[in-house]
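Please take a moment to look over the sequence and the three-dimensional view below, and keep both at hand while reading. The paragraphs that follow go from a single residue to the sheets, the helices and the aromatic side chains.

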Amino acid sequence: MARMATTTEVIEEPLSSEELGARYRLMCDDPLYANVPGKIELDVWGRILMTPPGVYHGLLQGRVCQRLAALGGATFGEVPIATTAGLFAPDAAWASDEFIRRHRGETPLMRAPELCIEVASPSNSRKELQEKVDAYLAAGAEEVWIIYQESKRWQFFSLEGVLEKSRFSVDLTGLFD
């Protein structure tokens, strides 16, 4: 006679933010993932999504992080955030001191920092980027920025939609030099 399994044999429905967070923490503790290059994210089914960064992408990411430091608070590069649409790691993010105080020690963050930024790559689709914008905003971000490296432009989003300018005072002039 077969024994009943105490775990699910297959994933029946999209995973919750909490379930994605638990999977991510297991990956962080697993030595098999210790030296995996590139950004690791999880889709709502728990599948690993890996994105190897290009050099120019990394340069823009670093420049954005440097400029975010002018806001005070804390600047992140690729901080994991559990959302209802997947576990994503924006290329850059900014959080207030208050946010850091409330969420210190979380892995992944169960709420998005105030500002999440994606540097679009030629491999990204418009649909994917919009899903990330929506996910970060639904997870608590006040704004999401998309930086387009090919056309050298940026867009700002909030719950109200596309913004003409950001409420965060960050000087982006010369970003693409």
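**A walk through the fold**

If neighbours within four places in sequence are set aside, Val 162 is in contact with Gln 155, Phe 156 and Phe 157. The model in which these contacts are found is a predicted one. Val 162 belongs to strand β10, and because its relative accessible area is 55%, above the 50% limit, this residue counts as exposed. Another way to place Val 162 is by its distance from Glu 150: the two residues are 12 apart along the chain, and their C-alpha atoms are separated by 20 Å.

Strand β10 leads us to the sheet that contains it. Six strands make up this open sheet, in the order β3-β6-β7-β8-β9-β10, and their pairing is mixed. The edge strands, each of which pairs on one side only, are β3 (74-76) and β10. From one strand to the next, the twist averages 25°. In general, the strands of a sheet pair through backbone hydrogen bonds, and they may do so in a parallel or an antiparallel way. Here, strand β7 (residues 115-120) and strand β8 (residues 143-148) run parallel and are joined by six bridges; following one residue across, the reader will find that Ile 117 has Trp 145 in β8 as its bridge partner.

Helices pack on this sheet as well. Helix α2 (residues 55-68) touches β3, β6 (92-95), β7 and β8, and its direction makes about 155° with that of β7. Helix α4 lies across β7, β8 and β9, and runs at about 155° to β8. Within helix α4, which spans residues 126-138, we find Glu 128, a residue that is partly exposed because its relative accessible area of 25% falls between the limits of 20% and 50%. The C-alpha atom of Glu 128 is separated by 22 Å from that of Lys 165, a residue 37 places away along the chain.

A further sheet is also open, and its four strands follow the order β2-β1-β5-β4 with antiparallel pairing. Its edge strands are β2 (48-51) and β4 (81-83), each pairing on one side only. Neighbouring strands in this sheet are turned against each other by 25° on average, if direction is ignored. Three bridges hold the antiparallel pairing of β4 with strand β5 (residues 86-88), and in β5 the bridge partner of Ile 81 is Phe 88. Helix α1 (residues 17-29) lies across β1 (39-43), β2, β4 and β5, and runs at about 145° to β1.

We can now turn to the aromatic side chains. The structure holds four aromatic pairs. Why is the pair of Trp 154 and Phe 176 called stacked? The ring centres of Trp 154 and Phe 176 are 5.7 Å apart and the planes meet at 10°, which is under the limit of 30 degrees, so the pair counts as stacked. This pair links distant parts of the chain, since Trp 154 lies in strand β9 (residues 153-158) and Phe 176 in the segment after β10 (161-163), 22 residues apart. Trp 154 is partly exposed, at 31% relative accessibility, whereas Phe 176 is buried, with a relative accessible area of 13%.

Charged side chains meet rings too. Arg 153 lies over the face of Tyr 148, 3.9 Å from the ring centre, and the charged end of Arg 167 sits over the ring of Phe 168, at 4.2 Å from its centre.

Methods: Residues numbered from 1 in each chain as written. Predicted model: local features only at pLDDT ≥ 70, side-chain atom pairs only at ≥ 80, totals over all residues. Heavy atoms only, no water. Helix = DSSP H or I, 4+ residues; strand = E, 2+ residues; numbered from the N terminus. Buried < 20%, exposed > 50% of the residue type's maximum accessible area, 1.4 Å probe, protein only. Phe/Tyr/Trp six-rings, centres within 6.5 Å; stacked < 30°, edge-to-face > 60°. Lys NZ or Arg CZ within 6 Å of the ring centre and 35° of its normal. Contact = heavy atoms within 4.5 Å. Pairing = 2+ DSSP bridges. Axes fitted to C-alpha atoms, helices over the stretch in contact; angles between N-to-C directions.
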